[in-house]
Amino acid sequence: MSTSFEANFDGLVGPTHHYGGHSFGNVASTSNANKAANPREAAKQGLAKMKALADMGYKQGVFVPQERPAIGLLRDLGFSGDDASVLATVAKASPGLLANVSSASSMWTANAATVSPSADTVDSRVHFTAANLQNKFHRAIEHGQTTRSLKAMFNNDAVFAHHDALPMQAVFGDEGAANHTRFCHDYGQLGVEFFVYGRQHWGGGVEPQKFPARQTREAGEAIARLHGLSADHMVFAQQNPAVIDAGVFHNDVISVGNQNVLFSHETAFLRQAAVYAELDAKLGGGLQVIEVPLAQVSVADAVKSYLFNSQLLARADGRQNLVVPDECRATPAVWDYLQGMLASNGPIAELMVFDLKQSMQNGGGPACLRLRVALKEKELAAVNPHIWMNDALFAKLNTWVDQHYRDRLTEADLADPKLIIEVRTALDELTQILHLGSIYPCQLA
């Protein structure tokens, strides 16, 4: 029986979930801008996914949303008066700014941090580095709260090490675990950490021409140093610039891996065969690659369906389950490919399809919603026990959502001063449900 596990911590969608189209380079985000969103449905879709995986025996935790709108930041930008006055002034002077500081994008916890398990680190602790997300303003304001939230979840310095975000400069552009994968034969044993980057700031090389490369090699190298990783057990690979320009803004939109399985598109990386070879060599052999041919699934269909923004979940029989969004079923080429893949009796044994439409329309699928943390049994025991999904927590959080979340929200609604009170009341209650202490600005003021 294994004494090490991979736990998933899914982002709980916040009460200000709206479609602002803030993320240039993310096709779904920009194409759905200004549509009406349903925060209540979004939160419940996420909770249903968490509960389903917990019911299957997977270690599933909850990652809390951030306080939005970020009134404190607006004050730092020169807006004054009471909260309602600040909100009214910003809504009139700069509605785009208000929409950005009201974004619920922290729901995508794959961007929250990069995590290295204790088996890989020099001090045998689990290391977290909050992502700076400096490429997008609405996300660059998250990392302080992300660190506070992580410390409340993983609050034991003997077991967990927390690092602040890298410098807020383009050279250290860091988008977290969305561009980081770990391969291993067992979660508790030394593995291979895979850092994918879009560009190299110093050293040149090819770059995308249409959309930004959000992750740099320099950021991955800095995180590897902070986490005390061995050069013999990490691989750096450059994402294909052409797929970034086609809307693949993170590696987890074109590739996903777990244990010794890599599921990727034929066009995912530069020098792809060499990348596979290095991963296999540093893993000590046994890497199983499932490469989806361009002739069967176009990059456009991969982006549209989020085929690779999926979760690979280990099974007791050594194979994997693949968690995909319902959009895969609605994309004929993708669904045909998946049926053929299942029939081949390869490493992936079963598909699990979820309705995540509220998240998908904003540009985030199953993989975006979760942060993976490999934990040994003693480390599992050191995690805040109140954040694990179970029947009681599922019922409690659904009731909480019903009480505090609106079922319709547009950008215009963000100017409603009652929304601030609703959000703060909800988050204060949430920290009590999850025993997180005072972590939000409204609680720390």
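Serine 124 is partly exposed, with a relative accessible area of 48%. I begin with this residue, in what is a predicted model, on account of its backbone. Serine 124 is found in the loop that joins strands E3 and E4, and its phi is near 60°, a positive value in a residue other than glycine. As a reminder, most residues other than glycine have a negative phi, and most peptide bonds are trans.

A second residue belongs beside it. Arginine 271 also has a positive phi without being a glycine, here near 50°. Its place is the loop between strand E10, residues 261–265, and helix H10, residues 272–283. Is arginine 271 buried or exposed? With a relative accessible area of 58%, arginine 271 counts as exposed, because the cut-off for that class is over 50%.

The peptide bonds offer an item of their own. The bond from arginine 68 to proline 69 is cis, with omega near 0°. Proline 69 sits in the loop between strand E2, residues 59–63, and helix H3, residues 71–76.

Let me now turn to the protein as a whole. It has 17 helices and 15 strands. The radius of gyration is 21 Å, close to the 22 Å that the globule rule gives for 445 residues, so the protein is as compact as a globular protein of that length. Its C-alpha atoms fill a box of roughly 60 × 45 × 45 Å along the principal axes. Of the 445 residues, 60% count as buried. Among contacts between residues at least 6 apart in sequence, 76% join residues at least 24 apart.

As for the surface, the accessible area comes to about 16200 Å², and 51% of this belongs to carbon and sulfur atoms. There are 36 positive and 45 negative charges, and the mean positions of the two sets are 2 Å apart.

Within the interior, I would draw attention to helix H8, residues 217–227. Its buried residues are Glu218, Ala219, Gly220, Ala222, Ile223, Ala224 and His227. What covers these buried residues of H8? The cover includes five strands: E3 (113–116), E4 (126–130), E5 (160–163), E7 (192–197) and E8 (234–238). Strands E3 and E4 are thus part of the cover of H8, and they are also the strands on either side of the loop that holds serine 124. Just after H8, glycine 228 takes a positive phi of about 70°.

Next, strand E15, residues 370–376. Why may E15 be called largely enclosed by the rest of the structure? Six of its seven residues are buried, and therefore the description applies. Strand E15 pairs with strand E1, residues 4–11, in the antiparallel sense over seven bridges. In one of these pairs, asparagine 8 has arginine 372 of E15 as its bridge partner. For strands in general, the side chains of a regular strand alternate between the two faces of the sheet.

My last residue is glycine 46, which lies in helix H2, residues 39–55. Its relative accessibility is 9%, so glycine 46 counts as buried. Which distance places it relative to aspartate 10? The C-alpha atoms of glycine 46 and aspartate 10 are separated by 7.6 Å, although the two residues stand 36 apart along the chain.

To close, I return to the two loop residues with a positive phi: serine 124 is partly exposed, and arginine 271 is exposed.

Terms used
Residues are numbered from 1 along each chain as its sequence is written. This is a predicted model: local features need pLDDT of at least 70, side-chain atom pairs count only at pLDDT 80 or more; totals for chains, interfaces and linings use all residues. Side-chain values use heavy atoms; hydrogens and water are left out. Helices (H or I, at least four residues) and strands (E, at least two) are DSSP runs, numbered from the N terminus. The radius of gyration is taken over C-alpha atoms; the globule rule is 2.2 Å times the number of residues to the power 0.38. Buried means under 20% relative accessible area, exposed over 50%, partly exposed in between (1.4 Å probe, protein chains only). Contact means heavy atoms within 4.5 Å. Accessible areas come from the Shrake-Rupley method with a 1.4 Å probe; for residues, only the protein chains shown count as cover. Lys and Arg count as positive and Asp and Glu as negative; His and the chain ends are not counted. The place of a charge is taken as NZ of Lys, CZ of Arg, CG of Asp or CD of Glu. Two strands pair if DSSP finds at least two bridges between them.
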